[in-house]
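This report covers one protein chain, with attention to ring pairs, the nonpolar core, strand pairing and backbone angles. The sequence and the structure come next.

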Amino acid sequence: MPNARGVFKLVKIVVLLLALVALFAGGWIVGRLGIGSVVNPASLTDVERQFTERMRDIRMVGSFTVAGREGGPPRGDGYEISSVEKVGDDLWRFNARMDCCGINGAIPIVVPLRFVGDTPMIMMTDTSLPGIGTFTARVFFYGDLYAGTWQHGAVGGHMSGRIEKKSTPTQ
């Protein structure tokens, strides 16, 4: 039968391990969501800075298709973006308002985004977006337009539209 000192030592080890797991999980969630971490704006390249300015207080208005159902009209699609911020190497947070994929309201969405020359492109492959699902997408932004492909599980298609400045800034 273990003595009280041994039981106390075992409880301390278990509590310490649980605390480490909680810290790791919390750090992973914060890092994945990009909460609170923004790359210093002074360190952005010119094209990155232009992208953040172009994507401030905008509305993405367009349509999307579903592969295999191209015979019908495209479905309307829209997102409001209050801001876009670089939160890590090739990771950008879109502070968005959307009514899609079970989300109806504002949500920060962190996605891998790279610049191909002067063209920003979301490049996700089986990327899990917490609370939304797993997506594969290639979406590029150029001037006041966006276009690309998307895949969510067995469903996918094309999307495209225009980027419009909102008349009143998002809160």
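Phe115 has a relative accessible area of 23% and is therefore partly exposed. The coordinates belong to a predicted model. Seven aromatic pairs occur in the structure. In one of them, the ring centres of Phe51 and Phe115 are 5.9 Å apart and the planes stand at 85°, so the pair is edge-to-face. Because Phe51 lies in helix H2 and Phe115 in strand S4, the pair ties together parts that are 64 residues apart in sequence. Phe51, with 0% relative accessibility, counts as buried. Both residues also belong to a cluster, linked by ring pairs, that includes Trp92, Phe94 and Phe141.

Helix H2 covers residues 46–54. Its buried residues are Glu48, Phe51 and Thr52. Viewed down the axis of H2, the buried residues fall within an arc of 95°, so they line one face of the helix.

The chain as a whole contains two helices and eight strands. In sequence order the pattern is α-α-β-β-β-β-β-β-β-β. The chain has 171 residues, and 33% of them count as buried. Its accessible surface comes to about 10500 Å², with 62% belonging to carbon and sulfur atoms. Of the contacts between residues at least 6 apart in sequence, 40% join residues at least 24 apart.

In soluble globular proteins, nonpolar side chains tend to be buried together. Here the largest nonpolar core has 30 residues, and the members that touch the most others are Met55, Met60, Phe94 and Phe141. Strands S1 (58–64), S2 (75–88), S3 (91–100), S4 (103–116), S5 (119–129), S6 (133–142), S7 (145–152) and S8 (155–165) are the elements that give two or more residues to this core.

Which residues does Phe141 touch, not counting residues up to four places away in sequence? Phe51, Arg54 and Met55 are among them, as are Met60, Phe94 and Leu113. Phe141 also touches Thr119, Pro120, Ile122, Tyr146 and Ile163.

Strands S6 and S7 pair in the antiparallel sense over eight bridges, and Arg138 has Thr149 in S7 as its bridge partner. S7 and S8 likewise pair in the antiparallel sense over eight bridges. There, the bridge partner of Tyr146 is Gly161 in S8. The hairpin of S6 and S7 has two residues between the strands, and the hairpin of S7 and S8 also has two residues between the strands.

Positive phi values occur at several loop and hairpin positions, listed below.

| Residue | Place | Phi |
|---|---|---|
| Asp57 | loop between H2 and S1 | near 50° |
| Asp90 | loop between S2 and S3 | near 60° |
| Gly143 | hairpin of S6 and S7 | near 60° |
| Gly153 | hairpin of S7 and S8 | near 65° |

Most residues other than glycine have a negative phi. Asp57 has a positive value and is a residue other than glycine, and the same description applies to Asp90. Are these two aspartates buried or exposed, in full or in part? Asp57 has 15% relative accessibility and so counts as buried, the cut-off being under 20%. Asp90 has 35% relative accessibility and so counts as partly exposed.

Technical notes:
Residues are numbered from 1 along each chain as its sequence is written. This is a predicted model: local features need pLDDT of at least 70, side-chain atom pairs count only at pLDDT 80 or more; totals for chains, interfaces and linings use all residues. Side-chain values use heavy atoms; hydrogens and water are left out. A nonpolar core is a set of buried Ala, Val, Leu, Ile, Met, Phe, Trp, Tyr and Cys residues joined through side-chain atoms within 4.5 Å. Buried means under 20% relative accessible area, exposed over 50%, partly exposed in between (1.4 Å probe, protein chains only). Helices (H or I, at least four residues) and strands (E, at least two) are DSSP runs, numbered from the N terminus. Contact means heavy atoms within 4.5 Å. Two strands pair if DSSP finds at least two bridges between them. Accessible areas come from the Shrake-Rupley method with a 1.4 Å probe; for residues, only the protein chains shown count as cover. The arc is that of the directions from the helix axis to the C-beta atoms. Rings of Phe, Tyr and Trp (its six-membered ring) pair if their centres lie within 6.5 Å; planes under 30 degrees apart count as stacked, over 60 as edge-to-face and the rest as tilted.
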